[in-house]
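This report looks at how the chains of one assembly meet, and at how selected parts of them are built. Please keep the sequence and the structure at hand while reading.

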Amino acid sequence: MSAAAPAFLEVSDLRIGFPGRAGDVPVVHGVDFALSAGETLALVGESGSGKSLTALSLIDLLPGGARRLGGRIRIGENQLDTLSSNAIRKIRGGEIAMIFQDPLSALNPAFTVGRQLTDAIRSHHPLSRGAAAKRAEELLDLVGIPSPKARLHSFPHEMSGGQRQRVAIALALASGPKLLIADEPTTALDVTVQAQIMALLARLRQELGLAILLISHNLDLVAEICHRVAVMYAGRIVETNTVEEIFRRPQHPYTRMLLDCIPRLDDRPGPLATIPGEPPLFGKLPSGCPFRPRCPAAHERCLAMPPAFPQEAGQAACWLAA
Amino acid sequence: MNRLVRAFGGPTGLIGGAIVVLVIAMALLAPAISPFDPDAVALDRQLTPPDLLHWFGTDQSGRDILSRVIWGARPSLEIGIGSVLVSILFGLPLGLVAGFNQGSWVEQVIMRTLDAVAAIPTLIWAIAVVGILGVGVSQLGPLAIGNQTKVTILLGLLYIPGLARIIYVATLVEAQADYVAARRLQGVPGWKILFSDVLPNTLSPVIVHATLQIAVGIILEAAISFVGLGVQPPAASWGNMLAASRNFVFSGEWWLSVFPGLFISITVIGFNLMGDGIRDVLDPRRKLTMAPA
Amino acid sequence: MSGFVITRRMLMQVAATLPAAGLLTGFDDTAWAQSSGKTLTLAIPNSPNTLDPINAVLQDPMVINQCIFENLVEYDVDGVLRPQLARALPEISADKLTYTFDLRDDVQFQNGQPMTSEDVKYSFESMLDKKRNAARRVIFEKIARVETDGPHRVHVILSEPYAPWLNFLTKYMGIWPAGSRERYGDDYFKMKPVGIGTGPGIFEEWRPNQSVTLKRNPNYWDKSLPKWERLVVKFVPEDATRTAYLLARQADIIGAPAPRDFASLSKRSGLAGEVRSTFGGWSTLMMNNAKPPFDDINVRRAVNWAIDRQKLAQYAFFGMVDPCTLPAPRQAWWYDAEADGSIGYDPEKAKGFLAQSKHATDAAFEMTLPATPYLLDLKDAAVAIQSQLQAVGIRCTLKMTEPLVALGQAKKGELQALLMNLTSPGEPTYLLGQNFTENQPYSKVSGYAAPEIADLLKQAYAENDQAALKPIYAKILKKIADDCPYAWLGFLNAANLWRGNVTDFRVNQGITMDVRSVGLKA
Amino acid sequence: MLGFFLHRLGFSILAVLMISLILFVLTAAIPESPARIVLGADAPEVQVQQFEHEHGLDRPLLVRYGEWVDRLALHGDFGTSVVTGLGMNEQIAETLPVTLELVIVAFVFAVVLSIALGTASAVFENSWIDHASRIFTVIGVSVPGFWTALILILFFAIRIPIFPPGGITPVSEGLGPHIMSLVLPAFCLGIFYTAVLSRMTRSSLIEVLGQDYIRTARATGLPRSLVLRYALKNAMVPVVTVTSMSFGYMFGWALIIETVFNIAGMSGSLLNAISQRDYATVRAVVFVFTLIFLLANLAADLLNAWLNPRLRTVQA
């Protein structure tokens, strides 16, 4: 990690759990990472790895029942865990914003795009309706929506998928956030549109100096715009490194297998590689290394927990990498 | 026990089911369990407050209110359940045929007609039509139709649109399922697919709707009897017992109005809880079925 | 929010009255109270079908047309005949055919036009006009003609002696200006008879099924009356609700109070009540003698002996009916103890009669009764009768029908039995004639017509003297007791409840309320 | 939007025509001639025929139906009751406002309370307020309003006389007494629908609150109240249909409640007409109720189109 600039976001020992019959069932087991302005970090993992929960916990939007069991989250000057929910609301959308997977369901079907944008803008800035509408128009322009003024009066269902995701991004930018969390922002889109959206995110990062936390299961996509990658498995970060290093020298067997799953143009035709087995269920982790049951390189040592979780680039939570 | 709870969609559903079973048992066993003849007049025992002999007291004719409440369950349930059966008898084929012939004129004719009939406010029409036909026995050709039958059929007819629409929607979904297309490709005739494949899959929402509709029907029966157009005295029904109790509100004979009302309420709560429970089991997505009337 | 403020205030008022209160207290200072000042408000069960006295059917709303229209003579609340628009009771010629009335000369119609003998002559002639088909024409049919004798004297000439006609005037007749029916049309009399009566109240407004309002007639001939500025007659069919109106001061006087509540309410402070026996209200089971099982006299006798009238009066009517076995109430001058005692309650005797009949094993019938109460609710009585008949082996099913419908069917002779309250103008001939002589409105209901009764009635029509009439009636009652065409339960009592500030009100033996001289204390 | 409106309006007009025909046949094709009702059962046949001719009762049913529709549609005139001789328009004008006021008060009460209850229940799902309101809704949909009315009269009008036990005190007697007299009837009429609607609001809102766009709204940092408004507008889509139908249905229950409280509204007109076998009035009253019901449904369609913009384009 480039230690020069102080990180804008710093997460340490973040633990998240669901309430169960016999106390809380932890699903995120102490996650640490940091992110600076203008930087893009990808959290990569299969569904159920805890990457989305980690992201949601940053803006205090954990779904039904889930709650933070411990750890610290610092955003800019603010220590999130010490703030009231009202103060968090100000930070949410103010300092951090988030875009989601399905742009259709992420936009309110009952309100026009303009209304949703101006409401968001006015929730953070004391602007008149007119001024907010002007700002909304600028935002739509910024995210590359043609004839933005007219589009203010459109309803989400009147737009294409790509346009909706652009609107969602505009909505996220409405308050001028410093950190943008993008949770699988392109999964629901056509392949051609996916690239456009990723390009847009890259451009915004540059133009606005945004820090972007990209949540994805798709390493390929990550390679296009990210600086660093953190690979999550079963509620833990198992490996962190720069994109280049991850692709060049994956340390963790899981990372390696993820990379094998990416289809390549230069590949010989043949069946795509898949990762055998299923990720472990919440609360039912195997003893020792959680990846042990699916790991092709597992041996006796793996019955014990790997010695360290990666605190620094290039480390991996694996006996093999230690 | 746990399985029983689950079958009723949770403890409240089970409570509802238990109430319904008890009320139906009470109605069926009325001759055995009612302590007195419900119609036995004993003028010198009139308006006795509840005591050890008459647990719910007696009415203005000295009739035992507990016995009348027990017997009064019969017309309530008969009308409540009977009207739903009538609506299923007509609504089921209509909804199935309309849903299975999506896009054809058959669907249009059936559904538009039902939509129009759905615009008939149930209670007002029930009251008006019974009022017009009269509360006496009506002669329809060779058939003599008593007032209770009249009310049952009438309510049943008025329920048809609601029920048919539910079946229609369920059929639409089923008819578009891949397996139906597959069966068609196999050359299975349409009616056969309709009855052997589609029908069983539409029954869940029907059962839920029917249970909740019975609850509504019991209240409607009471209301119609309350204005004197339903079950005719001296036969006991919860509705006409309430109607008669109105004359004793001022003089303070509370037991005349309290007990029949309580039994209506508990029975209807039973059917509602049971319906909710069954829905949770059979049809968990449709959380919004609710039959107002 | 103002509703909430009021609630609190009222709660405090209620709290203040609570210590003294059991049931039914605390009404005295409540803010929704309505009747005040000079508006007299009545609550009665039935809406009128018309305001035209010659077609009016129901007794209780007649209070309205009796305040609008008046007659030569009237039956007062005690059942005594007294002059109204005439100066005195008529002079009757020796042949009992000519009645001569001297009219008051100070009477004006409500439109200011003075009343003369021409108006009286016109009134009778228009009522008797066959084309008009007045419901009450039948009972005045024996009037041959009316002759004027100067502006203030009329002679009414009968075709045969018929004394009762005077008694029928109050309920079924009125005096209106000459030519008025042609000028305004009959619907005007029916719907909004403004200016055409001589009474103390001028028609103001009719809100269907709700109320009729009359305003004070400033030119009323009795200058001391009326004491009210407005008379509002509300139609409130439910017994309990009428009581509620009285308690909530939404009515000053109510008719037909709920029998069950009457005793306790009339003793309440701030309220008053009275029950009086009437001479004209039959509560009776009308049996169709032409249809089985009542085609056998022994079944009719069995029914008569099976009914426990005392018990019915006490438990089903709560004292609102005076039990009697024949159409003669105990208090009436034509009561005959011997005839009355010849029928009684004895189930064994009833069984005996039934056993002698041809329907000994299959005596069953359908009893029709009014679905909405007329004068007094009969449903509970019907249920009790049903069980009393059951006890002697006569099966009976109950069928509820609207009163007018039931009467219509009964008059066609279609019903087996009808349990009904019938009313008449407080004298015996009217109902007897209508029910038990040929070609009368009710003769098909019973299917029983005894020539002997017709003859006796004819004798009675020719008599004006009670002493002379009594033996005639004794014979009639004897005949009825022998033949048992109906089973009488008793005579209806008239009862009212009123608020303490009502003055000069008395319960009318003629059932219909008389409020012409009633006032209100401030 | 206009297309959608015309489509719904067209359907409503068709429905009115169809229902009115059923209604007319039901009320006009009764075997007993109104002439017999008016003139009495023993009136001579000649007189009956004359009466029928005078009132046009001897013409074919369809002709009479056409005439009835024509007079109603072009002049808004229900005509005069043959039986009572009273104009039906006046009678309706007299009684409808009473019923309308009762229903509207009860409706507003039910809608406001149910949205509040349903929202509280959904927002604080599984809290004590949710449990309490769910118990209330089950009881509310099960206990017949007219029984509640009897019990409330017994306790709050007679034992503790806070409210008048019957009738609506006219406004001329003061606004306070007028409002007091509306409390019990409106409560008894509204409580069932409060339960139905709050239950629907709750489940619909819970569903909506779980939607992605609500997460978005919260992620963009909208204030709680605004998030709730975003959710409610969507949650109301299914509720509105039932709400408006409830408005129509309430008129039916208003009949019963009016009977209990002896309120001189439309119920009196209908029940009296039934007992007098005045079928023309029955027809007029039922038609008015049906029309209100249809209008309420039409209003629901329009309101839904506003709440749910997708409907406007899809169905037009």
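For chain B, an unreviewed UniProt entry lists residues 12-33, 79-101, 113-133, 153-173, 206-231 and 254-275 under "transmembrane region". The model examined here is a predicted one, and two of these listed spans can be compared with the computed secondary structure. Over residues 153-173 of chain B the chain is 100% helix and 0% strand, with 30 Å between the end C-alpha atoms. Residues 206-231 of chain B are 81% helix and 0% strand, and here the end C-alpha atoms are 28 Å apart.

For chain C, an unreviewed UniProt entry lists residues 81-435 as "domain: Solute-binding protein family". In the model this span of chain C is 31% helix and 24% strand, and its end C-alpha atoms lie 25 Å apart.

The three spans for which values are given above are set out below.

| Span | Helix | Strand | Distance between end C-alpha atoms |
|---|---|---|---|
| Residues 153-173 of chain B | 100% | 0% | 30 Å |
| Residues 206-231 of chain B | 81% | 0% | 28 Å |
| Residues 81-435 of chain C | 31% | 24% | 25 Å |

**Contacts between chains**

Of the 4 pairs of chains in contact, chains B and D share the most contacts. In this pair, 39 residues of chain B are in contact with 49 residues of chain D. On the side of chain B that touches chain D, two or more residues come from each of helix H5 (105-118), helix H6 (122-133), helix H9 (190-226), helix H10 (238-245) and helix H11 (255-282) of chain B, and H6(B) gives the most, with 9 residues. By residue type, this side of chain B divides into 29 nonpolar, 7 polar and 3 charged.

Chain D is also touched by chain A, where 29 residues of chain A are in contact with 20 residues of chain D. The elements of chain A that each supply at least two residues to this side are helix H2 (85-91), strand S6 (96-99), helix H3 (103-106), H4 and helix H7 (161-173), and the largest share, 4 residues, comes from H4(A). The residues on this side of chain A divide into 16 nonpolar, 8 polar and 5 charged.

No contact joins chain A and chain B, whose closest C-alpha atoms lie 18 Å apart, and none joins chain A and chain C, for which the corresponding distance is 33 Å.

**A helix pair in chain A**

Helix H4 (residues 113-124) of chain A also packs with helix H5 (residues 129-142) of chain A, in that their axes come within 9 Å and cross at roughly 110°. H4(A) and H5(A) are therefore roughly perpendicular to each other, and their crossing is right-handed. Gly114(A), Leu117(A), Thr118(A), Ile121(A) and Arg122(A) of H4(A) make the contact with Arg129(A), Ala132(A), Ala133(A), Arg135(A), Ala136(A) and Leu139(A) of H5(A). These contact residues divide into 6 nonpolar, 2 polar and 3 charged.

**Domains of chain C**

Chain C is divided into domain 1 (1-68 + 199-252 + 501-522), domain 2 (70-192) and domain 3 (277-494). The C-alpha centres of domain 2 and domain 3 of chain C lie 32 Å apart, and 13 residues of domain 2 of chain C are in contact with 11 residues of domain 3 of chain C. On the domain 2 side, helix H4 (residues 165-172) of chain C gives the most, with 4 residues, and the residues of that side divide into 8 nonpolar, 3 polar and 2 charged.

Note on methods: Residues are numbered from 1 along each chain as its sequence is written. Chains are lettered from A and ligands numbered from 1 in the order in which they are written. This is a predicted model: local features need pLDDT of at least 70, side-chain atom pairs count only at pLDDT 80 or more; totals for chains, interfaces and linings use all residues. Axes are lines fitted to C-alpha atoms, for helices over the stretch in contact, and angles run from 0 to 180 degrees between N-to-C directions. Angles under 35 degrees count as roughly parallel, over 145 as roughly antiparallel, 65 to 115 as roughly perpendicular and the rest as oblique. A crossing is left-handed if the near helix is turned anticlockwise from the far one by less than a right angle, and right-handed if clockwise. Two residues are in contact if their C-beta atoms, placed from the backbone, lie within 7 Å. Ala, Val, Leu, Ile, Met, Phe, Trp, Tyr, Cys and Pro count as nonpolar, Asp, Glu, Lys and Arg as charged, and the others, Gly among them, as polar. Domain bounds come from an automatic or database domain assignment. UniProt positions are given in the numbering used here, feature names are shortened, and annotations may be inferred rather than shown by experiment.
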